[in-house]
Amino acid sequence: MADVLDTRQFRPSAEAALLSLAVTICYYAAGRLGLMGRLVVEGVVATPIWPPTGVAVAALLLLGTRVWPGIALGSFLVIASLTTPGPTTVVTVVSNTVAPLCAFLLLRRAGFRHDMARLRDGLSLVFLGGFGAMLISATAGVGLQVAKGSLDKSEFWPVWLAWWVGDTMGVLLVAPLLLVLAGQAGRFRARRWKEAAFLGLTTLVLMPMAVLSPMSMLFLVFPLLIWAALRFQLAGSMLCALFASVLTTFEATSGRGAFLHLSDVEIMAKLQAFNGSAALTALLLASVITEQRATRRSVRRACQELAEVLEHLTAGELSPGPPGTAESRAAPPGGHRDP
């Protein structure tokens, strides 16, 4: 019996350890991918999109707070891959862990739903999980650079803005996609695969043209985002927005296309404005469409139930009620009830 009890106590710990390890691997892989699109702002390397923040927030929402060690370890490994860890690394790791935890707690308090079937869920993710919680990591990270003398005080705000926007974009672009794909809402209906394939082909052709054009034709991306949101809700719109942002980021780092002949600060400002607009358009529009469809399904279901009740009444039957009530007792032939 003691062995059985020990085994049962060991299972939750082993499961949490395995889940944390999986989160660590995903966090580190996302970090390495994010570092491929780096920009220099005031002499400091910044990432316009930092996917690990989205991975961390989605992992906490799906798996709970037990996986926070995986986030901390993943953050440490990413930092260790760039520079030799030192005492200041602890502050950065803590801030990178606390920010997603705060996002999780704020979203849970706001009644956030993983399927994001309501507009309030999209707004909560934007303002609480993204704009609000990521203030912690940006302020701690850049403040640490100023405190140890690696960054001048006059350079605080440009670098802080780049850091904050990068972390926020990771939450807005990566977390919704992971949440939706993890649930039932991420499955397309079979009859829409042809339309999905046509949308994907159009995106692969039109988006590079819009991004690579030196005439700054980035606005051509937004009709595709609207199309994806209207027809495929969050799964389609977030995939489209993520592809557009990643493609635009790589073009911005190389200084080509719509970012030709721009300074580093101008490139960062233009890129951040585009990524933010694309993410907000895809996320909020898809949330509105999903909520409207859910409302229509509820109304249709209510109408069907009402029609069934009317059919019973027309046939001379009483609608079913709780056991023991007058409505639940059928009248005998002749229209008289037993006393």
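## Salt bridge tour

Start with Arg231 and Glu195, which form a salt bridge with closest N and O atoms 2.8 Å apart. The pair links distant parts of the chain. Arg231 lies in helix α9 (residues 221–254). Glu195 lies in helix α8 (residues 193–212). The two are 36 residues apart. Color Arg231 by accessibility: its relative accessible area is 30%, so Arg231 is partly exposed.

Keep in mind that this is a predicted model. A search of the whole structure finds four salt bridges. Three of them are stops here, including the one just shown.

Next, select Arg66 and Glu15. Their closest N and O atoms are 3.9 Å apart, and the pair forms a salt bridge. The cut-off is 4 Å, so this pair counts. This pair, too, links distant parts of the chain. Arg66 sits in the loop between α2 (51–63) and α3 (68–82). Glu15 sits in helix α1 (residues 2–34). They are 51 residues apart. Now check both ends for exposure. Arg66 has 37% relative accessibility and counts as partly exposed. Glu15 has a relative accessible area of 43% and is partly exposed as well.

Last, select Arg256 and Glu251. Their side chains meet in a salt bridge, 3.1 Å from N to O. Is Glu251 buried or exposed? Glu251 is buried, with a relative accessible area of 7%. The limit for buried is under 20%, so Glu251 falls in that class. Turn to its partner: Arg256 is partly exposed, with a relative accessible area of 45%.

How values were computed:
Residues are numbered from 1 along each chain as its sequence is written. This is a predicted model: local features need pLDDT of at least 70, side-chain atom pairs count only at pLDDT 80 or more; totals for chains, interfaces and linings use all residues. Side-chain values use heavy atoms; hydrogens and water are left out. Helices (H or I, at least four residues) and strands (E, at least two) are DSSP runs, numbered from the N terminus. Buried means under 20% relative accessible area, exposed over 50%, partly exposed in between (1.4 Å probe, protein chains only).
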